[in-house]
Amino acid sequence: MKERQLLMLPGPTPVPPEVLQALARPMINHRGPEFKALLDEAAEGLKEVFRTSQEVLILTGAGTGAMEAAVSNFVSPGEQVLVVSIGSFGDRFAQIAERFGAKVDKLEFAWGTAADPAALAERIKADVDKEIKAVFVTHNETSTGVTNDIPALRAAVGDHPALFIVDAVSSLGAMPLETDDWNLDVVVAGSQKSFMIPPGLAFACVSPRAWEVAARCTNARFYWDLVKARKSAATGQTPFTPAIPQVAALVESLRIIRADGLEDTFARYRRLREMTRQGVRALGLELLAADAVASTAVTAVLPPAGLEANTLRKAIRERFNVVLAGGQGKLDNKIFRIGHLGYVHELEIITVLAALELTLTLCGHRVELGSGVKAAQAVVLAAVGA
Ligand SMILES: *Cc1c(COP(=O)(O)O)cnc(C)c1O
C-alpha cells in the first residue's frame, strides 16, 4: 500500500475532499449561464477575502502571471519604479519590471529580515521630482518565511503619487490584508496557497487610481491585459478560455473559508506557526526569521551543523513521505521550509515534527525523541487555556 503523502509546502497546498470533487465535474460552456454563475459567486467571495469593495479579477495562470500583469498594466517603458525586496519573490518583481523596460531601483534587505519602513520613507522623500511611478512590495516573502508590515510600508510612501503594488500570493487568506483600508492600489494573489485549490488561477484587485494609470499605460500586453479582463468580467466571462475546474473548486473553497471565518482561519495559522516554531526550537534547530516578523504561512528552518538541508529533505521524503520545501536562490541547501497554510491542521504539524525527530536521529543527529512534539502540544493546550 502506498503511504499517504504529507504535502507541507507553501504551495501547492493540500486540497480538501469537497474541492477535489468540484474539480472532477463535467465540463461546461465557459460562455454559458452556468459558468457565469460560478464566476460571479467566486468573484463575490474573493472580495470578502481581499477585504475590498472593488471587483477582483479571476485570471488563468500562475501567480507570476498576475505579478507580470501588475507590472505591464501599470508601468510604461522608461518609467522609474522602486522594488522593495527581502527575498526571491521581491527579486522576481524587479526582474519582471526590468524586462518590461522600467528603470528599476531596488531597496534590498537581508534575506530573513523584513523591510524597514524608515528606509523606504527616506528613499521616497529623496524623490523630490516624483519620478517613482510605482512601489512594489511582497507582503509575505515565501522564500524566507518573513512577513512585511504593509500598513507601515504604505504609510512610508505617504502621499507620494506612486502606485503601491503588493504581491500577496502567499499572504492573502493566510494573514490579515485590507486592500481598501490599507489603501493598496494593486493586490495580486494565486490559487494554490491559502485558497486550497490547485495551481492555475491568479487574482488581481485594482484601485480606481490604478485603473486610470492602466488606461494610459503604453506597455505591451495581450494575454495579461487587465483592462480587457475587466470588460469581460462585467459580462460574467473571461477574455480567453478559463481553467473551468479551478473556478468551480474556488467556489467550494470560498464556501469553506466563509464558513470558518477569516479571523478564526488566521488564528489557526498563528497557532500552526507557533507549534512549528516551538517544536523546531525544542529540537535545537535555528529559525531563519525572528518572532516579530515570522510568517503564518511558512517557516524556514536551518538544519543542524553537518547536515545539509536537501539531504534532510530527501531523507524525510523517502522514509516518511513528508514533503518539505527547499531554499530558493542563495538559500538553496541552507534552509528547509515547512508550509503550514491551506488545508493543514494541528495534527499534521505534530506528525511533521515527529517525522523530523526520527529523520534527524536516522541521519545521525542526536535529538530527544518527543521533545519537538511535546513543545507543539504545549502550544495547542495553551491556546485553549489548559
Ligand atoms: C508562490 C508565490 C509566487 C508565484 O506564484 P506561481 O504560481 O509559482 O507563479 C509569487 N509570489 C509569492 C510571494 C509566492 O509565494
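The following is a short exchange about buried residues, cores and one helix pair in a predicted model.

Biologist: Why is Ser72 called buried?

Modeller: Buried means under 20% relative accessible area. Ser72 has a relative accessible area of 1%, so Ser72 counts as buried.

Biologist: Where is Ser72 found, and which residues does Ser72 touch?

Modeller: Ser72 is in helix 3, residues 63–72. Leaving out residues up to four places away in sequence, Ser72 touches Phe100, Cys217, Asn219, Ala220, Arg221 and Trp224.

Biologist: How do you know where the largest nonpolar core lies with respect to domain 1 and domain 2?

Modeller: Domain 1 (17–258) and domain 2 (261–384) both give residues to this core, so it lies between them. The core has 59 residues, of which Ile58, Leu120, Val135, Phe203 and Leu250 touch the most other members. Helix 9 (residues 244–260) contributes the most, with nine residues. There is also a second, separate core of 35 residues, with Leu272, Ile349, Leu353 and Ala376 among them.

Biologist: What makes the contact between helix 10 and helix 13, and how does the contact divide by class?

Modeller: Helix 10 (residues 262–282) and helix 13 (residues 371–383) pack at an angle of about 150°, and their axes are 7 Å apart. The contact is made by Arg271, Glu274, Met275, Gln278, Gly279 and Ala282 of helix 10, together with Ser371, Gly372, Ala375, Ala376, Val379, Val380 and Ala383 of helix 13. By class, seven of these are nonpolar, four polar and two charged.

Biologist: Which hand does the crossing of helix 10 and helix 13 have?

Modeller: The crossing of helix 10 and helix 13 is right-handed.

Technical notes
Residues numbered from 1 in each chain as written. Predicted model: local features only at pLDDT ≥ 70, side-chain atom pairs only at ≥ 80, totals over all residues. Heavy atoms only, no water. Axes fitted to C-alpha atoms, helices over the stretch in contact; angles between N-to-C directions. Helix = DSSP H or I, 4+ residues; strand = E, 2+ residues; numbered from the N terminus. Left-handed = near helix turned anticlockwise from the far one by under 90°. Contact = heavy atoms within 4.5 Å. Nonpolar A, V, L, I, M, F, W, Y, C, P; charged D, E, K, R; others polar. Core = buried A, V, L, I, M, F, W, Y, C linked by side-chain atoms within 4.5 Å. Buried < 20%, exposed > 50% of the residue type's maximum accessible area, 1.4 Å probe, protein only. Domains from an automatic or database assignment.
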